[in-house]
Amino acid sequence: MSFLGIKFPTRETRKTPVLTGSEKNYRLDALGQVCPFPLVEAKKAIEKLASGDQLQIDFDCTQATDSIPAWAAKAGHQVTAFEQTGDASWTITLRKA
């Protein structure tokens, strides 16, 4: 399976990007991936997006709760949403700079 040309294991229902308005919204399912792979996959995915596009990342790696927002801030991407979705799972949405 691939997302924006990147191959990695994901849930079948989340492989297709959701398009809304004039900007595109994409979802990256990194659930089950051990750190640092959610961050590695997020970096690869966001490279393929246009400025203003959003990437929602679903993950369950506790280290990524710090590493993804820190990387996004350093790279100039805006965190538009960040929430815990389960006992040990989170979702973060980034808008590409």
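Here are some informal notes on this structure, which is a predicted model.

1. Start with the strands at the end of the list, since they give a handy frame. Strand β6 covers residues 78–86 and pairs with β7 in the antiparallel sense, over seven bridges. The two are joined by a hairpin that passes through two residues. If you want a spot to look at, A81 has T93 of β7 as its bridge partner.

2. Now look at what else β7 pairs with. β5 and β7 also run antiparallel, and six bridges join them. Two pairs are easy to pick out: I57 is matched with I92 in β7, and Q56 is matched with T93 in β7. You will have met T93 already, as the bridge partner of A81.

3. How covered are these strands? β7 spans residues 89–95, and six of its seven residues are buried. β5 is mostly covered too, with five of its six residues buried.

4. Next, the cysteines. How many disulfides does a search of the whole structure find? One. The cysteines are C35 and C61, and their sulfur atoms sit 1.2 Å apart in the model. The link is left-handed, with -75° about the S-S bond. C35 is in the loop between β4 (23–30) and α1, while C61 is in the loop between β5 and α2 (64–75), so the disulfide ties together parts that are 26 residues apart in sequence. C61 is buried, at a relative accessible area of 7%.

5. D53 deserves a moment of your time. This residue belongs to the loop between α1 (37–47) and β5 (54–59). D53 is buried but has no salt bridge, and the nearest side chain of opposite charge, that of K24, is 5.7 Å away. A salt bridge needs a side-chain nitrogen of Lys or Arg within 4 Å of a carboxyl oxygen of Asp or Glu, so K24 at 5.7 Å does not make one with D53. The backbone of K24 is another matter: its nitrogen lies 3.3 Å from a polar atom of the D53 side chain.

6. What about another aspartate, D29? It lies in strand β4. D29 is buried, with a relative accessible area of 2%. A polar atom of the D29 side chain lies 2.9 Å from the backbone nitrogen of L31. So for both aspartates in these notes there is a backbone nitrogen to look at: that of K24 for D53, and that of L31 for D29.

7. Finally, the annotation. Which residues does UniProt give for "domain: UPF0033"? The record, an unreviewed entry, places this feature at residues 28–52. Over that stretch the chain is 44% helix and 12% strand. The C-alpha atoms at its two ends are 16 Å apart.

How values were computed. Residues numbered from 1 in each chain as written. Predicted model: local features only at pLDDT ≥ 70, side-chain atom pairs only at ≥ 80, totals over all residues. Heavy atoms only, no water. Helix = DSSP H or I, 4+ residues; strand = E, 2+ residues; numbered from the N terminus. Buried < 20%, exposed > 50% of the residue type's maximum accessible area, 1.4 Å probe, protein only. Lys, Arg positive; Asp, Glu negative; His and termini not counted. Polar contact = N/O pair within 3.5 Å; in protein donor to acceptor, adjacent residues only side chain to side chain. UniProt positions renumbered as here; feature names shortened; annotations may be inferred. Pairing = 2+ DSSP bridges. Disulfide = S-S within 2.5 Å.
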